[in-house]
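Here is a small set of exercises to work through with the model open beside you. Try each task before you read its solution.

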Amino acid sequence: MGRTLAQKVWDDHVVRRAEGEPDLLYIDLHLTHEVTSPQAFDGLRAAGRSVRRTDLTIATEDHNVPTTDIDKPIADPISRAQIDALRVNTAEFGIENYELGNKEQGIVHIIAPQSGLTQPGMTIVCGDSHTSTHGAFGSIGMGIGTSEVEHVLATQTLPLNPFKTMAITVNGKLPAGVTSKDLILAIIAEIGTGGGQGYILEYRGEAIRALSMEGRMTMCNMSIEAGARAGMIAPDETTYEYVRGREHAPTGADWDAAVAYWKTLPSDADAVFDKEVIIDATKLSPFVTWGTNPGQGAPLSATVPSPDDFTDEVDKVATEKALAYMDLTAGMPIRDIKIDTVFIGSCTNGRIEDLRAAAEVLKGKKIADGMRMMVVPGSVRVRLEAMAEGLDKVFAEAGAEWREAGCSMCLGMNPDKLSPGERSASTSNRNFEGRQGPGGRTHLVSPAVAAATAIRGTLSSPADLVGSN
Amino acid sequence: MDKFTVHTGTGAPLRASNVDTDQIIPAEYLKRITRHGFEDGLFSAWRKDENFVLNKPEHQGVSVLVAGPDFGTGSSREHAVWALMDYGFKVVISSRFADIFRGNSGKQGLLTAVVDQSAVEQLWKIIEEAPETPVTVDLAEQIITAAGFTTKFEVDSYVRWRLMEGLDDIGLTLKHVDEIEAFEAKRPSFKPKTV
């Protein structure tokens with residue numbers, strides 16, 4: 001019987017398989033950052049252990065860092081202490097760290113693909129749930145906890161039970177104006193925040209093949225929001241072309257050997273998935289969230305749902321709680337929801353194509369009166385590339401703030417936060433209560449919807465701008 | 001890690017689904033670099049509400065959390081597990097746990113017991129009617145008992161063995177270092193290096 005992409009990559013990394021034990025899986029690349037690593041390094045120190053493969057490990061500073069005044073010391077002493085701990089730990093254990101101010105610094109899931117460290121057929125882990133991003137290359141990318149970070153540092157392996165596999169087949173073409181973010185939000189609403197638990201997802205079908213690598217990264221990034229630890233897309237010419245020539249990409253005979261191997265990875269025609277979900281891309285439209293988990297979403301053209309729309313008692317209660325927290329009334333058009341702050345950035349939508357998409361909408365326009373808009377590139381390289389294209393000027397002329405690279409307002413760990421009651425349209429990945437700051441209210445959107453919303457002041461798509469302003 | 005065989009304690013009924021790790025412990029608390037002392041961050045936003053279950057006088061000193069489906073979704077922060085344990089929880093009971101949260105719990109010795117939602121409802125009812133009811137979680141038998149109600153629970157068999165033996169994962173893996181070396185010797189040369 002044929003094997004799926006996930007099974008092939010998994011099998012090729014099994015160090016040890018024994019009855020009654022999890023598989024011991026080799027890890028090709030370990031990404032670390034300041035938040036989930038200090039206790040792991042302390043654990044190594046306490047046990048007198050070293051880092052097994054410093055050459056397969058990299059660190060960067062992203063979650064805590066400010067996105068303004070980065071030449072000054074970090075104002076928050078606790079954040080500064082955590083960054084300092086990473087610097088001390090990486091120096092002591094011999095790991096390369098891309099510090100704030102380094103041209104390679106940025107969000108951990110942006111920097112590995114852009115430097116060519118992320119390639120097809122790898123196992124990649126990081127103490128961050130959005131490690132699923134790297135699945136866009138046909139790798140298994142998984143978020144891990146701090147105990148597992150310590151385990152990988154010490155052994156370069158992880159004991160894991162194999163996952164079930166789920167195919168998510170997206171047939172047809174996405175209509176104009178519908179992006180990978182809309183698609184993944186619609187998928188999460190369809191299968192639910194627990195739908196992917198225990199599975200590795202494989203996105204496939206015509207609409208997926210047509211996506212750029214950056215669009216694919218947005219899809220895989222949010223697999224965790226459907227409960228799946230990893231999401232994958234089979235490598236193809238789009239993938240090879242993206243990797244080719246990047247500084248960590250193989251060259252010469254190694255390149256040929258790598259491509260030959262990568263071509264063996266796509267799921268076999270007779271491979272059997274444990275579950276399959278089929279999505280019709282042609283029926284999709286811009287999609288946003290109205291509630292407090294990423295599964296609580298609807299088309300922008302819809303109205304806010306009522307608890308009575310749900311038959312399941314758990315869903316009813318969850319909807320009631322979400323509407324109360326979000327201060328929304330059932331039945332109101334989603335397009336009428338007024339927004340205070342627009343955030344463009346994060347490991348979900350902080351890449352150059354995302355910034356281009358937003359700039360295209362904003363070019364020659366102004367954001368609404370009283371609107372705050374922050375544009376935060378995912379890495380220093382993305383920032384420099386955007387500036388070379390003049391995108392920073394487009395944002396500034398529209399009235400948006402152009403920031404330095406970091407996780408920023410995706411999570412309330414740095415100075416970029418919502419105030420209690422403040423409502424955002426955000427290109428990030430989580431709309432949990434208080435995620436962007438205590439009491440803050442989040443609507444997840446695509447970069448194009450974020451930009452159109454900033455102009456109109458209410459949740460909007462670029463199509464809503466036609467004929468106005 | 002301490003060995004886990006049987007635990008008896010009082011329960012807290014958390015009537016909520018999709019309790020994500022940002023609710024269990026908000027990001028602000030993740031800036032600390034220690035492994036203990038996170039009890040103040042546990043459910044910190046919800047604890048501001050005096051009616052929140054953990055604020056009620058009858059639910060002080062609890063050690064068994066009974067929650068709705070999809071507990072521990074979202075971020076991979078192990079701080080969520082540390083906060084629950086620092087507060088005094090030994091067991092979380094739910095019909096469904098997020099994968100990463102469940103994995104983190106297993107590493108730290110917090111038992112995540114999976115039961116049907118109907119059993120969760122039954123436990124909520126028992127605890128709300130008589131908060132002092134002892135809830136017993138027997139890992140050897142995989143049984144939860146409370147006031148005459150008994151239910152089986154599921155737990156990964158390897159995690160169960162490790163919890164019962166109190167074993168450290170890294171120590172177990174390092175017994176197989178020769179197999180790791182053999183694997184490394186065969187890795188293709190095209191695999192990337194960070195330096």
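A salt bridge here is a side-chain nitrogen of Lys or Arg within 4 Å of a carboxyl oxygen of Asp or Glu. By this rule the count over all chains is 49 salt bridges.

Before you start, note that this is a predicted model, in which local features need pLDDT of at least 70 and side-chain atom pairs count only at pLDDT 80 or more, while totals for chains, interfaces and linings use all residues. Residues are numbered from 1 along each chain as its sequence is written, chains are lettered from A and ligands numbered from 1 in the order in which they are written, and side-chain values use heavy atoms, with hydrogens and water left out.

**Exercise 1. The two domains of chain A**

Task: Describe how domain 1 of chain A meets domain 2 of chain A.

Solution:

Step 1. Start with the bounds, which come from an automatic or database domain assignment. Domain 1 of chain A covers 5-262 and domain 2 covers 287-465. Taken over C-alpha atoms, their centres are 24 Å apart.

Step 2. Find the residues in contact (heavy atoms within 4.5 Å). Domain 1 of chain A brings 43 residues and domain 2 of chain A brings 41.

Step 3. Turn to buried area, the accessible area (1.4 Å probe) that two parts lose on being put together, summed over both. For the two domains of chain A this is about 3,300 Å², with 58% from carbon and sulfur atoms. On the domain 1 side, T67(A), I107(A) and E214(A) lose the most area, together 20% of what that side buries.

Step 4. Look at the pairs. There are 3 salt bridges between the domains of chain A. E104(A) and R381(A) form a salt bridge, with their closest N and O atoms 2.9 Å apart. For polar contacts, take pairs of N or O atoms within 3.5 Å; within protein, one must be able to donate a hydrogen and the other to accept it, and residues adjacent in sequence count only if both atoms are side-chain atoms. Between the two domains of chain A, 25 residue pairs are in polar contact, both at pLDDT 80 or more.

Step 5. Place the domain 1 side on the secondary structure, where helices (H or I, at least four residues) and strands (E, at least two) are DSSP runs, numbered from the N terminus. The helices α3 (77-93), α4 (108-114), α6 (180-191) and α8 (213-221) of chain A each supply at least two residues to that side. The largest share, 6 residues, belongs to α6(A).

**Exercise 2. Chain A against chain B**

Task: What do chain A and chain B bury between them, and how many salt bridges are found across their interface?

Solution:

Step 1. Count the contacts: 81 residues of chain A touch 59 residues of chain B.

Step 2. Add the area. The two chains bury about 5,600 Å², 54% of it on carbon and sulfur atoms. In chain A, Q39(A), R52(A) and Q197(A) lose the most area to chain B, together 11% of what that side buries.

Step 3. List the polar pairs. The interface of chain A and chain B has 10 salt bridges, including D76(A) with K31(B), whose closest N and O atoms are 2.6 Å apart. In polar contact are 43 residue pairs, both at pLDDT 80 or more.

Step 4. See where the chain A side comes from. Helix α5 (residues 146-155) of chain A gives the most, with 7 residues.

**Exercise 3. Salt bridges within a chain**

Task: Where do the partners D42(A) and R45(A) lie, and is E78(B) buried or exposed?

Solution:

Step 1. D42(A) and R45(A) meet in a salt bridge at 2.8 Å, N to O. They are 3 residues apart in helix α2 (residues 38-47) of chain A, so about one helical turn separates them.

Step 2. Apply the classes of relative accessible area: buried is under 20%, exposed over 50%, and partly exposed in between (1.4 Å probe, protein chains only). D42(A) is partly exposed at 37%, and R45(A) is partly exposed at 33%.

Step 3. Move to chain B, where R35(B) and E78(B) form a salt bridge with their closest N and O atoms 3.6 Å apart. R35(B) lies in the loop between α1 (21-24) and β3 (64-67) of chain B and E78(B) in the loop between β3 and α2 (79-87), so the pair ties together parts 43 residues apart in sequence. R35(B) is partly exposed at 21%, whereas E78(B) is buried at 0%.
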